[in-house]
Amino acid sequence: MASMILAVLSAAQFLLALDFSIVYVALPGIAADLGLPLTTAQWVVSAYAVPFAGFLLLGGRLADRLGAGRIFLAALLLFGLACLAGGLASSGAVLLAARAVQGFAAALLQPAVLGLIGARFPAGAARARALSVWGAVGASGLAAGVVLGGVLTRYSWRWTFLVNVPVTVACAAGAAIWLLSTARVAPAPVPVMRSLLSTAAAVGVALGLTLGGARGWAIAVAAGAVLFATVRPQSEQPRTLRIGTVAAALYMASVGSEFYVVTLMLQDRDGYPPLRAALAFLPLAALVTVGSSVTDRLIRRFGAARTLGGGFAAAALGLAGLALAPAGWGYAGGVLPGLLVSGAAHGVIYTSMFVLGARDVPADRQSAAGATMTTAQYLAGAVAIAVLTLPLHGGAYATAFWLTAAAAVAGALIALRRPAPGRL
């Protein structure tokens, strides 16, 4: 039964990661079909990421109070209904609303997955294996989303939403059979106000950057201050969790946003149709899986902090290569080398940042720690997309890649800065 439970939880995690990136290749088609400019179309991504990140802490507390199995099932059903609404949307407003509901459902679902892993797999080798699968599936889902999105967009962008519906139904059936008996734990305060503040602040940052001008920048700066105050790592948290939380944000600002930049570059600059753009991501997706699979061995040899720092350093090299590659070099000479290096680094970063972040956290706080890191990850993703849209709107793809490379350099410096005695 343990293998079936892990399969259900892994499928749900794959959906969450997949749905962040699956719309990248579909964005030009969505914009054309629904009459959305690029600055508005980027909200198809942000409308999912912002509520996902903003309500994660709320989702964790609800899972503790009501039972992770119950929240898992309810969130899956809500997620599936939102996917159906998005696939049938007749206007940009309806699509953005559906994406926001998807993000809220994902915020309930993610902590429930972590809580169920902690409840159903005993501490030690069994839980370590389950978390390893969870991390690999999450990294692979982001990469696979771009590929699958391109294949489905060949027929219609609507399939990037509708394809999730049967998967959510299957996962819900599995949850009803195997997961509803999860016990509740001692209740803790439900952070409704903090969740609302962080969500509103992330929307404010993205909206301010989209508006531009003095007024837009003022909104972005003010909202950014509120956002930092609500999600910054707390001093009482283990040092490894604080590093992992910052690393999660910089991961999403670097290789996590690479898909968005490369997708627009291939389609808008190089004229790739959606399917060809999707196929161009296959080497990257393969290297993400390779990177995830070797991370455990790297951590055993070098420690989690050095592995994380090395992953960020490699990511910076790959992203810098994409920034420097002239358009005339084509895909094989100009794009592919950077994708291969950054793809392997992506897999290493994703897995090692969660291993490092959770290492010193007590067993009864693992779900909360995971929610903290994922909150930083997806809030940073929403802000990064808004920031990158500014140079991309003018076709400055190299500038966008340099920004992602800078985030990767920052991640390497933070991961390797002043290590504590002994290996992290």
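## A salt bridge within one helix

D296 and R300 share helix α16 (residues 282–302), where four residues, or about one turn of the helix, separate them. This is a predicted model, and in it the side chains of these two residues meet in a salt bridge, with 2.3 Å from N to O. How open is each partner to the surroundings? D296 is partly exposed, at a relative accessible area of 43%, while R300 reaches 56% and counts as exposed. The cut-off for exposed is over 50%, so R300 passes it with its 56% and D296 stays in the partly exposed class with its 43%.

## Salt bridges across the sequence

How many salt bridges does the model hold by this rule? The count comes to four. Besides the pair in helix α16, let's look at two that join distant stretches of the chain.

One of them is formed by D19 and R99, whose side chains meet at 3.0 Å, N to O. Because D19 belongs to helix α1 (residues 2–21) and R99 to helix α7, this contact ties together parts that are 80 residues apart in sequence. Are these partners buried or exposed? D19 is buried, with a relative accessible area of 0%, and R99 also counts as buried, at 0%.

Another is the salt bridge between R158 and D33, with a distance of 3.8 Å from N to O. R158 sits in the loop between α8 (125–153) and α9 (159–162), and D33 in helix α2 (residues 27–34), so here the parts tied together are 125 residues apart in sequence. With a relative accessible area of 23%, R158 is partly exposed; D33, at 47%, counts as partly exposed too. Buried means under 20%, so R158 falls outside that class with its 23%.

## An aromatic cluster

Now to the rings: six aromatic pairs turn up in a search of the whole structure. One of the six is the edge-to-face pair of Y251 and Y350, with 5.4 Å from centre to centre and 70° between the planes. Here too, distant parts of the chain are linked, since Y251 lies in helix α13 (residues 239–253) and Y350 in helix α18 (residues 330–358), 99 residues apart. Y251 is buried, with a relative accessible area of 0%, and Y350 counts as buried at 2%.

Y350 has a further ring partner in F354. The centres of these two rings are 5.3 Å apart and their planes meet at 55°, so this pair is tilted. Y350 and F354 are four residues apart in helix α18, which means that about one helical turn separates them. Both residues are buried. Which residues do the ring pairs join into a cluster? They link Y251, Y350 and F354.

## A charge over a ring

A charged side chain also meets an aromatic face in this model: R276 lies over the face of Y272, at 3.9 Å from the ring centre.

## A nonpolar patch at the surface

Finally, have a look at the surface, where L81, L84 and L88 make a nonpolar patch of about 300 Å². Where does L88 lie? Its place is the loop between α6 (68–87) and α7 (92–120). L88 is exposed, with a relative accessible area of 60%. Helix α7, on one side of that loop, is also the helix that holds R99, the salt-bridge partner of D19.

Technical notes. Residues numbered from 1 in each chain as written. Heavy atoms only, no water. Patch = residues over 30% accessible without salt bridge, like charges linked within 9 Å, V, L, I, M, F, W, Y side chains within 5 Å. Areas by Shrake-Rupley, 256 points an atom, 1.4 Å probe, with all protein chains shown as cover. Buried < 20%, exposed > 50% of the residue type's maximum accessible area, 1.4 Å probe, protein only. Phe/Tyr/Trp six-rings, centres within 6.5 Å; stacked < 30°, edge-to-face > 60°. Lys NZ or Arg CZ within 6 Å of the ring centre and 35° of its normal.
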